[in-house]
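Subject: Structure for you to look over

Hello,

I am passing on the structure shown here, with my notes after it. Please read the notes with the structure open.

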Amino acid sequence: MESEFGTVAGWTEEAVLALGPEHAVPAGCRGSGSEGALRWLADALAVRPGDRVLDSGAGVGGPAGWLAAERGVRPVCAEPMAPAVHAGRTLFGLPSVVALSQALPFADDAFDAAWCLGVLCTTEEKAALVAELRRVLVDGGRLGLLVFVADEPLPPPLPEGNSFPTSDEVSRLLGEAGFRVTGTAEADLADSPPEWKARADAVDAEVQRRHGDDPAWAEAEEQSGRVGRLLGSGALRPRLVSAVAT
Ligand SMILES: C[S@@+](CC[C@H](N)C(=O)[O-])C[C@H]1O[C@@H](n2cnc3c(N)ncnc32)[C@H](O)[C@@H]1O
């Protein structure tokens, strides 16, 4: 994951700076899939100007940058990979901190809404992660998740470092941490405007041109290819969840 979420994040920043700012959101949303998924979550969380919003496990900041532009908020980003945090600051000018989602450097009740996209499946410490999100949200605070769920055993080769929960496990984790689920949907990861894909592809091509001979690039491609194959087969499903802190 160091290659995929650390090294490549730095390369993504470099490529976006070379190609132009209109590439930042599409390239920065690679982990979370689609504009349609972000819109579903932003609507489900009823994000309004003035809300204090957290993006936990923000990657290079694409989803938070999209939310800032679309909903008039200034999300705070937390992300463990320093190159990704640097990219989030540079590309979107958002306040960003190096932190694991299960150990957030924020006070209790600091946020009105939070989302955590494609992160629950990257850690074994799921209960601690969800409890920490509950701690930093006010009572009645809104939480959005994108989780890659596996309800059956997955066929190899599996992506390294992932730990995909079942749909039931996600519901149970949320309930035990003090959340009530308010909505669920299957994410359509292809639901983005055509220019998003073109710009994200352009950034990928630029990264490959600059770093394609680096072993970290091949490693990251292999990892994301494994996830893509599992999603394509339907064994792994991208699930959107909205919940409220009770
Ligand atoms: C699939 S990417 C998604 C990034 C971003 N949320 C998005 O949707 O574009 C997963 C991200 O989770 C981060 N991550 C991994 N383990 C984490 C943890 N325990 N707490 C917070 N973030 C974590 C990775 O560094 C990576 O940036």
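A search for aromatic pairs over the whole structure, which is a predicted model, returns 1 such pair. The partners are Phe 106 and Phe 111, whose ring centres are 5.1 Å apart; their planes stand at 90 degrees, so the pair is edge-to-face. Both Phe 106 and Phe 111 are buried.

Phe 111 also brings us to the strands, since β4 covers residues 111–117.

Strands β4, β5, β6 and β7

β4 pairs with β5 in the parallel sense, over 6 bridges. Within these strands, Cys 116 lies opposite Leu 145 of β5. Together with α6, the strands β4 and β5 form a β-α-β unit, and this unit is right-handed. The helix of that unit, α6, spans 126–136, and β5 follows at 137–149.

β5 itself is largely enclosed by the rest of the structure, because 11 of its 13 residues are buried. Besides its pairing with β4, β5 is joined to β7 by 8 bridges, and these two strands run antiparallel. Two of the residue pairs can be used to check the register: Leu 143 has Ala 243 of β7 as its bridge partner, and Val 149 has Arg 237 of β7.

How much of β7 is buried? Of its 9 residues, 8 are buried, which leaves the strand mostly covered. β7 also runs antiparallel to β6, with 7 bridges between them. Here Ala 185 is bridged to Leu 240 in β7.

Gly 183

Gly 183 sits in strand β6, which runs over residues 179–186. Is Gly 183 buried or exposed? Its relative accessible area is 15%, and the limit for buried is under 20%, so Gly 183 counts as buried. Beyond its neighbours within four places in sequence, Gly 183 is in contact with Trp 40, Leu 240, Val 241 and Ser 242. Leu 240 is thus a contact of Gly 183 and also the bridge partner of Ala 185. Gly 183 and Leu 45 are 138 residues apart along the chain, and their C-alpha atoms are separated by 9.9 Å.

Helix α7

α7 takes up residues 167–177, and its buried residues are Ser 167, Val 170, Leu 173, Leu 174 and Ala 177. Why can these be placed on the same side of α7? They cover an arc of only 125 degrees around the axis. The exposed residues Asp 168 and Glu 176 are carried on the face turned away from that buried side. What do the buried residues of α7 pack against? They pack against α6, β5, β6 and β7. Just after the helix comes Gly 178, with a positive phi of about 100 degrees.

Helix α5

The second helix to look at is α5, residues 82–92. Its buried residues are Ala 84, Val 85, Ala 87, Gly 88, Leu 91 and Phe 92. Seen down the axis of α5, they fall within an arc of 160 degrees, so they line one face of the helix. Those buried residues pack against the helices α1 (2–19), α2 (24–28) and α4 (62–71), and against the strands β2 (76–79) and β3 (96–98). α5 is followed by Gly 93, which has a positive phi near 60 degrees.

Cysteines

How many disulfides does the structure hold? The count is 0. For Cys 77, which is in no disulfide, the nearest cysteine sulfur belongs to Cys 29 and is 11 Å away. Cys 77 counts as buried because its relative accessibility is 4%. Cys 116 is in no disulfide either; its nearest cysteine sulfur is that of Cys 121, 8.7 Å away. Since a disulfide requires the two sulfur atoms to be within 2.5 Å, neither distance qualifies. With a relative accessibility of 1%, Cys 116 counts as buried as well. This is the Cys 116 that stands opposite Leu 145 in β5.

Regards

Key
Residues are numbered from 1 along each chain as its sequence is written. This is a predicted model: local features need pLDDT of at least 70, side-chain atom pairs count only at pLDDT 80 or more; totals for chains, interfaces and linings use all residues. Side-chain values use heavy atoms; hydrogens and water are left out. Buried means under 20% relative accessible area, exposed over 50%, partly exposed in between (1.4 Å probe, protein chains only). Rings of Phe, Tyr and Trp (its six-membered ring) pair if their centres lie within 6.5 Å; planes under 30 degrees apart count as stacked, over 60 as edge-to-face and the rest as tilted. Helices (H or I, at least four residues) and strands (E, at least two) are DSSP runs, numbered from the N terminus. Contact means heavy atoms within 4.5 Å. The arc is that of the directions from the helix axis to the C-beta atoms. Two strands pair if DSSP finds at least two bridges between them. A crossover is right-handed if, with the strands pointing away from the viewer, the path from the first strand over the helix to the second runs clockwise.
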